[in-house]
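Subject: Handing over the structure

Hi,

Here is the structure I promised to pass on. Have a look at it first, and then read on for what turned up in it.

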Amino acid sequence: MRRTFWVFLLLLSLSLPALAQVQVRISGWGGTDVAIVSGLLKEVVQPKLDKEGIRVVYEPIEGDYTQWLFNALSAGTAPDLFYVDIFWSESLFATGKVEPLDRYFTRQEIGEFLPNLVQAFTYQGRLYGIPKDFNTLALQFNTDLFDEAGVKYLNQQDTWDTFAEKLRQVQSKLKDVTGLCLVADFARFGAFAFATGWKPFDEKGHTVLDANFRRAFEWYTGLVRQGAAKFAQDLGEGWTGGCFGAEKAAVAMEGAWIAGFLRDKAPNLRYRTTFLPLDPVTKKRGNFIFTVSWSLNAASKNKEAAVKVLKALTSPEAQQWVLERGLAIPSRRALANNPYFQRPGKEPELNRIVFQGSTSQGGNVYPFKFRGFGGDWMRPINDALQAVITGQKTVGQALQDAQRELDRLTGRR
């Protein structure tokens, strides 16, 4: 009887940690992220949380993640933590379904992240997400093609004018190679508009396509006419990275995401990376911040535990793990001088330039979000870009039509 009693106590003690363990559900998109997050949880995050009695349950979502998340939050079935893409962040934060994080993080803790990223996830004065990583735009150039054409490499002192001239020289000297394949997309063109000092919204929340915007628009769309670029669709591609990887173009304008693509599709392609060119008038450059946060479900029943998971997912150790595998750019300020960025090779250089693109090196940098309008806001500008690049409209006609649509969208009279 006594032996049975002690056996019972031993079994009970062994089961107590499991009984006391708190589960925190987290979700993000599927695809390549599954292996990344799974590895991060296994090697860095979960060992730290085991001591806290917290078990992370990872639920990646295939398909339309955005639609799934909005539906899950409305239905009350959403996980404790989830990805929020900056592009549609304000539409989500406006629902009240996301928990403000200000009371869970000290000012010092928040100050450890890059200011532009913190501001990107600040809505109506409250912080609604901790950036897990980010990207900006940079120029990648094929050194073999530049050498073959006898053209000087791109560099960070290039202005729009010297950049375009180098593209023209490459395109004129190499058969079947364009300088840059141009896309009719504000996600690329917008960086040049920002360089002029133009802002997407004025103090009244309206969009005005002013003289600065027009100057950038004319320069960008004029690259094809000047023999410095070709329209991506005319080359059978949908993005600048596709042209670059197939060596149809000597230059690409992408973020660090291009590294994985080139690693798989063009492993022997030799390239270097530099900053976007400077506006010759303002002497500044522009850029976007593309970023994703970990955000907290306002209806979570495990908020304190979920915040511990969030902090572990964005800890210096976690970001170092991701960085060293060449998977993403860290959002913490302290990693700016990380030894990884100084390693020789094309990928460390690419990541370093992309990281610095979020700072003063990037010039006028804006998050890739357009209030609650999302893609509806970009569409008139994209249509205008395509109409001019393909010769269907003049610059004046295209911008007039775009302004009319933007006025209707933003309520400007």
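The charged end of Arg371 sits over the ring of Phe201, 4.6 Å from the centre of that ring. Before going further, please keep in mind that this is a predicted model. Arg371 belongs to the loop between β13 and α16 (375-389). With a relative accessibility of 37%, Arg371 counts as partly exposed, since that value falls between the 20% and 50% limits. The backbone is worth a look here too: Arg371 has a positive phi of about 55°, although it is not a glycine. As background, most residues other than glycine have a negative phi.

Phe201 has an aromatic partner as well. The structure holds 48 aromatic pairs, and one of them joins Phe201 and Phe373, with ring centres 6.2 Å apart and planes at 25°, so the pair is stacked. Phe201 lies in the loop between α9 and α10 (211-225), while Phe373 lies in the loop between β13 and α16, so this pair ties together parts that are 172 residues apart in sequence. As for accessibility, Phe201 is buried at 13%, whereas Phe373 is partly exposed at 25%.

Another aromatic pair to look up is Trp257 with Phe290. Their rings are edge-to-face, at 5.5 Å centre to centre and with 85° between the planes. Trp257 is in the loop between β10 and α12 and Phe290 is in strand β12, so the pair links parts 33 residues apart in sequence. Trp257 is partly exposed, with a relative accessible area of 33%, and Phe290 is buried, with 15%.

There is also another charge over a ring: the charged end of Lys311 sits over Phe105, 4.8 Å from the ring centre.

Now for the pockets. How much space lies in the largest pocket? About 1,000 Å³. Its lining is made up of 37 residues, and those closest to the centre are Asp33, Asp133, Asn135, Trp257 and Leu327. So Trp257, the residue from the edge-to-face pair, turns up again here, among the residues closest to the centre of the largest pocket. Several elements give two or more residues to this lining: α2 (33-50), β3 (81-85), β6 (130-135), α9 (186-195), α12 (258-265), β12 (286-296) and α14 (316-324). By residue type, the lining divides into 23 nonpolar, seven polar and seven charged.

The second largest pocket holds about 410 Å³ of space. It is lined by 16 residues, and closest to its centre are Glu90, Phe201, Tyr366, Pro367 and Lys369. You will recognise Phe201, the residue whose ring has Arg371 over it. At least two lining residues each come from α6 (115-120) and β13 (364-367). The lining divides into seven nonpolar, three polar and six charged residues.

Next, the strands. Is β10 (residues 249-254) enclosed or open to the outside? Six of its six residues are buried, so β10 is largely enclosed by the rest of the structure. Strand β7 (residues 138-142) runs antiparallel to β10 and is joined to it by four bridges; in one of the pairings, Leu139 has Met253 of β10 as its bridge partner. Strand β8 (residues 178-182) runs parallel to β10, with two bridges between them, and here Leu180 has Val251 as its bridge partner.

The loop between α11 (240-245) and β10 contains Glu247. Like Arg371, which is not a glycine and has a positive phi, Glu247 is not a glycine and has a positive phi, in this case about 60°. Glu247 counts as partly exposed, at 39% relative accessibility.

One last spot to find is Leu296 in strand β12. At 0% relative accessibility, Leu296 counts as buried, the limit being under 20%. Leu296 and Leu81 are 215 residues apart in sequence, yet 4.8 Å apart in space, C-alpha to C-alpha.

If you would like a place to begin, try Phe201: its ring is stacked with that of Phe373, and Phe201 is among the residues closest to the centre of the second largest pocket.

Cheers

Conventions: Residues numbered from 1 in each chain as written. Predicted model: local features only at pLDDT ≥ 70, side-chain atom pairs only at ≥ 80, totals over all residues. Heavy atoms only, no water. 1 Å grid on protein atoms, 1.4 Å probe; cavity = no way out; pocket = protein on both sides within 12 Å on 5 of 7 lines; lining within 4 Å. Points joined across faces, edges and corners; volume = space filled by probe spheres on them. Nonpolar A, V, L, I, M, F, W, Y, C, P; charged D, E, K, R; others polar. Buried < 20%, exposed > 50% of the residue type's maximum accessible area, 1.4 Å probe, protein only. Pairing = 2+ DSSP bridges. Phe/Tyr/Trp six-rings, centres within 6.5 Å; stacked < 30°, edge-to-face > 60°. Lys NZ or Arg CZ within 6 Å of the ring centre and 35° of its normal.
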